[in-house]
Structure formats: C-alpha cells, structure tokens
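Dear colleague,

I am writing to hand over the structure that we discussed. Please find it below, followed by a summary of what was found in it.

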Amino acid sequence: MKTGDKDNGLVRELSEEKYRFGFTTDVHTDIIDRGLDENTVRLISARKGEPEWLLEFRLKAFRHWIQMPMPQWAHLDIPPIDYQNISYYADPTVKKEGPKSTDEIDPQVMKTFDKLGIPLEERLALSGGVAVDAVMDSVSVKTTFKQTLAEKGIIFCSIGEAVKNHPELVREYLGSVVNYRDNFFAALNSAVFSDGSFVYIPKGVRCPMELSTYFRINAQGTGQFERTLIVADDDSYVSYLEGCTAPMRDENQLHAAIVEIVVLDRAQVKYSTVQNWYPGDENGRGGVYNFVTKRGLLRGVDSRLSWTQVETGSAITWKYPSCVLQGDGSQGEFYSVALTNNWQQADTGTKMIHLGKNTRSTVISKGISAGHSQNSYRGLVKVGRNATGARNYSQCDSLLLGSSCGAHTFPYMDVNNETAVVEHEATTSKISEDQLFYCNQRGIPMEQAIGLIVNGYAKDVLNRLPMEFAVEAQRLLSVSLENTVG
Amino acid sequence: MSETSYSEIFNANRSLIDAGSSPVMSSLRDRAYGCHSKYGLPGTKVEEYLHTDLSQWLSADWGMNLGRVALPVNPSEAFRCSVPNLSTQMHFMAGDSYISKEGHTGLPDGVLAGSLLELSRSHADIVSRYLGTLADMEKPGIAALDTMFMQDGFMVYVPRNVQIEKPVQLVSLMPDAVQMLACRRILVVVEQGASLRLLLCDHSSAKKPCMSMQVAECFVADNASLEVYDLEETSATNTRVTECYVSQQRDSRVMIQNLSLHNGKTRNSVHSCFKGPGASIEVNGIAILDGGQHVDNFTFVDHEATDCQSRELFKYVLDGKSTGSFAGKVLVRPDAQRTSSQQTNRNICLTPEARMWTQPQLEIYADDVKCSHGATVGQLDEKALFYMQQRGIPMKEARMLLMLAFLGEVIDRIPLDPLRSRLLGLVELRLRHGQSRCEGCGVCK
C-alpha cells in the first residue's frame, strides 16, 4: 500500500475521473446584465411580476447587505468574489420569438433533465414515485404531480408561483426562520432570490410521495440564489429531497440559497440533500461556491425535523443546516457525510438551538478528506435558560485519506440550563491498515476494500436517506473514493 | 485603562521600570511595546477569548508597583500551602516582587532557583538565552503587556542530568492593602535528562480587588521531565490571568495541572509545542465554581514533530451563578505522523443559573494520527444518588461523594502521593463550601 508507483497510478486514475454531470445545454437563456444594485433588485422583482411587499422585502435586504462585510471566520480560503461580475437572473424558459407559453418546455431543457435522470413527464415516473420541481438557473421549468398533490390539499410549486397564488402563506412565513439580517449570504439571497420550491402540507396530511427539487446551474457567468420554503402544518408529514449539479467550467459560480422550514405541532419533516455541484478539476480550477443558509424552526410541540446531507460536490462549501427547537418536546436530527477531494474545501455542520422543554437533538457527522482538501465540522449546541430537560448527542468522525489533506473539528457548546445533558465525541484517524489487510487477504482488491470500509463508515448516515437517494449517494461516494488511498 | 493608557504609563515610567529590573529584561521591552500597540488587549470578538473579556478586566484602575515598594503581605497565608509529608523548597512572592526563600539547602549544584531579577543580573547569559523567546507576543494577549512591565519573577534552572527530588514551590501572595496589578514572570529551564517538579500556589485573601498576570515560559530539553502544579486559592475579589508556554524537545515529558479551587475571575492558558519527536504532554485541570466566579481555561497543543502524545482532561463543577469556559485546540501539522491526541472536558452544572461553554477543537493536517476529543455537560447521576440514599447515605453526602469522585479522576493523575492526598482533602473541603484553608493557618478549624 505504500508503494509510490501504485500510488501515483491510482491518483492519476482518480483525477481522470470525469464529473458525470459536467455537460452544458445549449438553450436560449435570457440573462440580465452583470452587476448588482437596487435597479437589479427591482428588475428581478419586475421580471417575476412580484407584488410591492416582496419588492420592499428585497430592497430592505439589499440595503442591509451592502453594509455587511464578507464573513471571514470559517476555516476556508475563499478567493475574493466580485459580486458585480455576476448576473443575478437567468431565465432559460423565455423563447426567442413567438408567443410565450408556460406549459411548453424547450425540448433542450427537457433533454437536460432526462440526461440528469430526472423525469419531467409524470408517465415516466415510477409508480408511487417522486414529485419533482425542476429549477434551471433562476427559473422553475416544471413541477410534476401538482394535480395529484392538490387533491390532498398539498401545495407544491415554485416560490414564484406561490407568491402569485398563495401570497398570504408566503407572506406569513417568508423570512420568519432566516431573517434577511441573519448573515451576509442570507442578506444577499433575500435581495436577489429566484425560484426555489414552496411546499405547504395542510393539517393532518401525510404527503403520499417524496417531494423533490432538482437544481441545475446552466448559464455561464451567473449564480443561483434559490429560496425554498416548507411549511408543515399540525400533524402532517413530508419527506423532501434536493439534488443539484452544474456544468464543468473554469470560472467559479456562486450558489447562495436559503431553505426555511416551519414545523408545527406534531408535524414531521425529513429533508435530504445530495449535493453534487461541480467541485472543480484536479488542480482546483473552477467549481461552485456553495454558501447556503438552511434552517428549520420547530415551532410546534413534539415536532420533528431531520436533515440528512451527502456533500460531495462544490469547490467551497459553507453550510450549516440547523434546527431551532422551540416547541416543547421537539426533536432535531442532523446526519451528514461530507467528502472532499482534490482542492475542495468544506466547512459544514449544524446548529441545534434548544429553547423548548424536553427537546432532543442528535448530530452524526462523518467527514472524509482526500487529496489536498480541507474538511471541517463546525457545530453549535446551545441550551437556553428555559430548555429544561434538553438532551443532545453529537458524534463527529473524520477520516483522512492521504497525507496532504486536513480534517478539523470545531464544536461549540453553550449550556445554560442545569438539567441539560450534552455530549460530544469526535475522532480523527485514517483507514485502519488492519481492516485493509483483512480485506486484501480475502481477495478483495484495494479499491474495493476502501469503498467497503468508507461505505461502512458512512452507513449511519446513508441509511437515513430515502431509497432513491441512498443508491445515488453510495455510487457518488464510491466514485469519489475509489483509488484514493495509497 | 485601555491599551493606550497602558502604553502611556509605560512611556511615562520607562526609566523607573528599567531601574527596577535588569538589562536582560529591559532589552525585550521595545518589541513588547510594539506588539502591544499593534495587537492590543483581546475583547470577546477574538475567537480565543469569546467568553472572557480581558480588555474589560484590565480596564479597571489598577495600581502597579513600578517603584518596587516593599508591600506587606499576610505571612500566615503562606502556611495554607504546606503539604503534610511533602517537604518542598519554598519561595515567596508578594505581588510581583520576589521576597525570600525558606532556606537554600538541598538543591544540587548548578541548580538556580530564585528571583528572576537577581538571576538575570548574576546569570545574564542563561536568562537572555531563554527569556522572552517562547511567549508569543504577536497576538492579542497579555504576553506583550507582561513583558513591558515585568521587573521580577521566579526562575528555576536545572542543568543536565540533575534530578531534583524535592519539589520546588513558589507561593504568590497579594498585598492586603492596595488595589494592584501584579506582572509576574516565570522562567523554567530543564536541561537534557533533568527533572523538576514545580508547585505554583497562588494565594490571596486580600479584601481589596487585585489582579495578577503571570506569564511562564518552560523549556524542556531532550529526555527531560517537568511537572507543574498550578493551584489557585484566592478570593472572590481576585482576578487572575496566566499564560504558560511550553517547548518540548525529543522524548521529553511534561505534566501541567491547573487547579482552580477558589477564585474570582480566572483565565488560564497553556500553549505547548512539540519541537522534537517522541515527546508527551499531559494537561489537566479542575475548576470548582460558585457564586459569581468565572474560570476560563484555554489550551493549545501544537504537534510539530512526529510520534508525540498529548492528553488533556478538564473537569468543572459549577454552582451558583458561576460561569465556566473551556476551549482546547489541538493542531497536528503536516508530517507530524503517528500523533496521538486525546482531549476530554466534562462538566457538571448544579444550578439553573450556572453556565458552561465548551469548545474542544481539532485541526489536523497529517493522516497517520489518532485524535479524539469529547465534551459533556450534565448533572450528577440520579441513579447513583438514589442508590446511595437507599443505602443510608444522606443526599448531601451522596452528592459530595459523586462530585469528589468526578473531580478525583483529574487528581488521581498526579503521581506524587502526598500532594495527591492533600489536594483531595482541599477539594473535599472546598466542595463542603469551606474556604479551603488548611490546618496550618487555623482559619478552617
């Protein structure tokens, strides 16, 4: 295993591994000029035909954003970003000529999603399948199974559509979990956000199928700033999936999203992400900057929210899906596998903020670093003064593959209630040579053995994913990991 | 006082400070002044000081004994530190002035122990080789400030292959009558193959508020061994900030114990660095807090060399409205292979008002490592309490026993028998809400 030649061969093979989703689609896209000022915000709002209150919301956020400095605290080396050199709105659904029809989708766009394995035609979906909201650049191109879901009273559409059709719901909840003042990227997103999904599950309804949004960046020189809002009313249940890819480009593209989840009494939300933005090439050129604010507010008693994420893509990840456990007896969970390779950097983790009584949270984080990458876990567990009986368990493990990468753990614990029990454990090590030797002895080649061990290592998290995603995630892990250890 | 006012005091009294110290010490002041002006005093915006506002602590109008006036201290305080069955080499400091030593016998030839001021005059070559070379002034902290104002302190030098059997003890007392800031400096050099045990006892029952700053630099050469027990038993009006820097060469062994039994506001930090392979360090600490007390422990272990081991264990018991903070960082540099590192912080909160922050951190750039950390915040085990009550042990006693067992894990790591049992006794006394004074002074009897 220490032989240099083999090492080099394996590393070379790995670096030649192509990013499967790196193609571009040649589709006419209406892109607004680069740059960001109040007029850009007004233009985006006008393009989307938004009401006055939403424009006000955006402008307030923008005026706050221009006063904010870019945060520097993360364990990341972020090259300076020229926010004036990004186009903040790109619409691939606008036809060059002829009358516009919203029902009709450009066949090129259709093909793109087919190629990505996302069926936009309902008849093609598996029985009992998955309802999809497909978002390309700044616009939602199609949402499937809307009718089927509407029969149950479930609203599943793009946020732009929700603003038009359900303004009262959007107005009530938008920004109620992530305030535009929350952080730099939240302010930026609140000013320029474009389509993401809106989900509303009415009281007592169990969503009959998985809901999913697929995000695709296609246009050059743009960023994606989607916004997703999920509201689960009393006693409801929904499982929501999110996937994302982008073309291979030498430039760095910015993705700054906000996901807000409101969970009411006894409702349950499961949010799963397989993040596979373009990670850049083996020399660290290109790749998506993924600066995302995701947070759930567990407002109701006995409400539950579970975040599961598999992070394999992006050049730089800055992401902390969090739970604010406000309702008594609410439960938050965070399961994460973050894999970095080549020159990728990730600073990811969660915040569990215990406010209600008898709240519980679990954090399981598995970091895997290879190549020259840096992978950090950063988490906060905060127990408020009145959070009697709060319970937290956190476990963060890191696996190092190769001697040039880094694995870091930065947990913060702030306990302000004497009945709380908070536990944190972390370990960092490399793959045990004994385990590899054992596998080799039994005729399992090195790459397969590593794949096996890593999959076993990440199993606690992968098991939490819905079936559709688990398969994809396992494949992604093995693709990224094969041949990494020397 | 702010950064600028300390700078002003420094500029106005430079000649007075130099007159009361030695050329070796004074030669470091210009750089210290530059660093202090550049980096200043840390407030809570600095990551390492999130829960301790040092700039605010230092902003009070402290007096400084720049003219080296002999300050009266209460000598009976010193006897609190005698450890039965353990004979030590005792030295005393009042504020930041070294006052006397209790006889100079029993130390092997070549060993230097005593006033840093005197030794920096008589052994300028040794002192100048070490003093100020380890304390990191290029960051917000007290190292620069202490270097600007240091005039005296304590020093131990152990030459090659000399084993000092008898622990060396330094008792620091604060003067009763004046509200003052003491700038202490400690220099410890343990040469190749030598060994030293050092007891630092910080005692003060002064009614007036006082503050002590202590910067220690410890150089541990190849295959040498150093144990430092830093015991704080002061009063609620006392503020204490320490920075201890350790540099370890090949195969050296270091143990540092920070024991905060009674205090007002305390910030202790340990910065250690492995310069040679095969070395090991153990950093432990306990803090017993009640009322409005505050203890903040910060540790930074820098694994620069291969095959080194670090082990940390910190335990806190928080009562009343006390606040505790622990932050530990372990850095494993590229190529520091076969590093083994373990860090544990466990805390018990006894009241709703007590608050604990903990922040164990790992930063790892080498792959062949075994590193782990763990932190917990919780209460006493109810099942264990119930079990003991069932067997006729009263609730209060049962709680005591559990707390003692909880903190005992740290004290059990002390290899010196008499010291261990003495500390266990002190902890028990403290947990029973005593002011933890020993038989010697008659206060607790």
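Chain A contains 12 helices and 24 strands. Its radius of gyration is 22 Å, close to the 23 Å that the globule rule gives for 486 residues, so chain A is as compact as a globular protein of that length. The C-alpha trace of chain A spans about 65 × 60 × 50 Å along its principal axes. Please bear in mind throughout that this is a predicted model.

Chain B has 11 helices and 19 strands. For its 445 residues, a compact globule would have a radius of gyration near 22 Å, and the 21 Å of chain B agrees with this. Taken along the principal axes, the C-alpha atoms of chain B fill a box of roughly 70 × 55 × 50 Å.

I turn next to the contact between the chains. Chain A contributes 28 residues to the contact, and chain B contributes 30 residues. On the side of chain B that touches chain A, strand E18 (355-364) and strand E19 (369-378) of chain B each supply at least two residues. That side of chain B is made up of 15 nonpolar, 10 polar and five charged residues.

Strand pairing also links the two chains. Strand E23 of chain A, residues 406-415, runs antiparallel to E18(B), and six bridges join them. Within this pairing, Val415(A) has Met356(B) in E18(B) as its bridge partner.

Three helix pairs may be of use when you inspect the model, two of them in chain A and one in chain B.

In chain A, helix H2 (residues 38-47) packs against helix H3 (residues 52-65) at an angle of about 155°, with their axes 10 Å apart. An angle over 145 degrees counts as roughly antiparallel, which is why H2(A) is described as roughly antiparallel to H3(A). The crossing of H2(A) past H3(A) is right-handed. From H2(A), the residues Glu38(A), Val41(A), Arg42(A) and Ser45(A) meet Leu54(A), Leu55(A), Arg58(A), Leu59(A) and Phe62(A) of H3(A). By type, the residues of this contact are five nonpolar, one polar and three charged.

Also in chain A, helix H9 (residues 433-441) and helix H10 (residues 446-457) pack with their axes 9 Å apart, at an angle of about 125°. That angle makes H9(A) oblique to H10(A). H9(A) passes H10(A) in a crossing that is right-handed. On the H9(A) side are Gln435(A), Leu436(A), Cys439(A) and Asn440(A), which meet Met446(A), Ala449(A), Leu452(A) and Ile453(A) in H10(A). The contact of H9(A) with H10(A) comprises six nonpolar and two polar residues, with no charged ones.

In chain B, helix H9 (residues 382-390) and helix H10 (residues 395-411) have axes that come within 9 Å and cross at roughly 130°. H9(B) is therefore oblique to H10(B). H9(B) likewise makes a right-handed crossing with H10(B). Here Ala384(B), Leu385(B), Met388(B) and Gln389(B) of H9(B) meet Met395(B), Ala398(B), Arg399(B), Leu401(B) and Leu402(B) of H10(B). The residues of this contact divide into seven nonpolar, one polar and one charged.

When you open the structure, you may wish to begin with the pairing of E23 of chain A with E18(B), and then proceed to the helix pairs described above.

Yours sincerely

Methods:
Residues are numbered from 1 along each chain as its sequence is written. Chains are lettered from A and ligands numbered from 1 in the order in which they are written. This is a predicted model: local features need pLDDT of at least 70, side-chain atom pairs count only at pLDDT 80 or more; totals for chains, interfaces and linings use all residues. Two residues are in contact if their C-beta atoms, placed from the backbone, lie within 7 Å. Helices (H or I, at least four residues) and strands (E, at least two) are DSSP runs, numbered from the N terminus. Ala, Val, Leu, Ile, Met, Phe, Trp, Tyr, Cys and Pro count as nonpolar, Asp, Glu, Lys and Arg as charged, and the others, Gly among them, as polar. Two strands pair if DSSP finds at least two bridges between them. Axes are lines fitted to C-alpha atoms, for helices over the stretch in contact, and angles run from 0 to 180 degrees between N-to-C directions. Angles under 35 degrees count as roughly parallel, over 145 as roughly antiparallel, 65 to 115 as roughly perpendicular and the rest as oblique. A crossing is left-handed if the near helix is turned anticlockwise from the far one by less than a right angle, and right-handed if clockwise. The radius of gyration is taken over C-alpha atoms; the globule rule is 2.2 Å times the number of residues to the power 0.38.
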